[in-house]
Amino acid sequence: MQKYLTIKETGTYEQIINKSRFIATFSRIENEKQAQEFIKEVRQIHRSATHNCSAYVLGEHDEVQRAHDDGEPAGTAGVPMLEALKLMQLKNVAVVVTRYFGGIKLGAGGLIRAYNGTVSTGAKEIGIVLRSRQTALKFTISYDQLGNIDYYLKAHNIAIAHQDYGVAVDFEIFVDPLEVEPVQNDLSELLRGQVEFTVGEPRFVETLIGRSMQNKKR
């Protein structure tokens, strides 16, 4: 995948609904083995809980989708959790929602809302990031060229990863792999050919796009 949304980090979110305690635990995953090991680990931690329901999605087009109700009425837990992940377009994420029953039955509709909402709110509390495969581009310019470069980068929404001021100004920026050559050509033309570039290996860069201030980490 060149670009996709996922959670910022492994973490938990907890809420009380009609005296039942719902705890959502999230993790990034790269394959089904990781997902299953994560689910097993959370179930072990919360082995005294009433339910440990789970869901996960893998692949650019959600090729792998799994959901488990763990004793809740069929379709009231795992599937609503899975749908929450898909609605937020999260990729390569596993979540377990642990429930400690508080004595008040929620009914089918209430369970669906509780499990879906716990996952949806929990992901936002932990934070959602955009992972983009980008290439580092390094170059050095003189101070009298700084204004033109700053204007170009802002106009093309290119973030500066590193900037160092010395005898000259060293830049490191990240661009999409397919944009490396066009950006080099633009900058070379802007600087009248008075620039040399160092191209790094493609790697993922993460941009935080949403997070609640009341984050609860694991």
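Buried means under 20% relative accessible area, exposed means over 50%, and partly exposed is in between, with a 1.4 Å probe and protein chains only. With that in hand, welcome to the close-ups. The model is predicted, so local features need pLDDT of at least 70 and side-chain atom pairs count only at pLDDT 80 or more, while totals for chains, interfaces and linings use all residues. Residues are numbered from 1 along each chain as its sequence is written, and side-chain values use heavy atoms, with hydrogens and water left out.

**Figure 1. The whole protein chain, with five helices and 10 strands.** Helices (H or I, at least four residues) and strands (E, at least two) are DSSP runs, numbered from the N terminus. Along the principal axes, the C-alpha atoms fill a box of roughly 75 × 30 × 30 Å. The radius of gyration of the protein chain is 23 Å, whereas a compact globule of 218 residues would have one near 17 Å; the radius is taken over C-alpha atoms, and the globule rule is 2.2 Å times the number of residues to the power 0.38. Of the 218 residues, 44% are buried. Contact means heavy atoms within 4.5 Å. Among the contacts with a separation of 6 or more, 73% come from residues 24 or more positions apart.

**Figure 2. The surface and charges of the protein chain.** About 11800 Å² of the protein chain is accessible surface, and carbon and sulfur atoms hold 48% of it. These areas come from the Shrake-Rupley method with a 1.4 Å probe; for residues, only the protein chains shown count as cover. The chain carries 26 positive and 27 negative charges, and their mean positions are 13 Å apart. Lys and Arg count as positive and Asp and Glu as negative, while His and the chain ends are not counted. Each charge is placed at NZ of Lys, CZ of Arg, CG of Asp or CD of Glu.

**Figure 3. H46, a buried histidine in a loop.** Look for H46 in the loop between α1 (32–45) and β4. Its relative accessibility is 14%, so H46 counts as buried. Leaving aside residues up to four places away in sequence, H46 touches I23, N52, T98 and Y100.

**Figure 4. Two loop residues with positive phi, K19 and D70.** K19 is not a glycine, yet its phi is about 75°. This lysine lies in the loop between β2 (11–17) and β3 (20–28), and K19 is exposed because its relative accessibility is 63%. D70, also a residue other than glycine, has a phi near 45°. Its loop runs between β5 (64–68) and α2 (78–87). With a relative accessible area of 25%, D70 is partly exposed.

**Figure 5. The salt bridge between D62 and K91.** A salt bridge is a side-chain nitrogen of Lys or Arg within 4 Å of a carboxyl oxygen of Asp or Glu, and the structure holds nine of them. Here the side chains of D62 and K91 meet at 3.1 Å, N to O. D62 sits in the loop between β4 (51–58) and β5 and K91 in the loop between α2 and β6 (93–100), so the pair ties together parts that are 29 residues apart in sequence. Both D62 and K91 are buried.

**Figure 6. The salt bridge between R99 and E72.** The N to O distance between these side chains is 3.0 Å. R99 belongs to strand β6 and E72 to the loop between β5 and α2, so the pair ties together parts that are 27 residues apart in sequence. R99 counts as buried at 4% relative accessibility, and E72 is buried too, with a relative accessible area of 8%.

**Figure 7. R131 and E206 in a network of salt bridges with R28.** The side chains of E206 and R131 meet at 2.9 Å, N to O. This pair links distant parts of the chain, with E206 in strand β10 (residues 197–210) and R131 in strand β7 (residues 128–141), 75 residues apart. E206 is partly exposed, with a relative accessible area of 36%, whereas R131 is buried at 14%.

**Figure 8. V64 in strand β5.** V64 and H51 are 13 residues apart in sequence, and their C-alpha atoms are 23 Å apart in space. Not counting residues up to four places away in sequence, V64 touches E32, Y56, V57 and L58.
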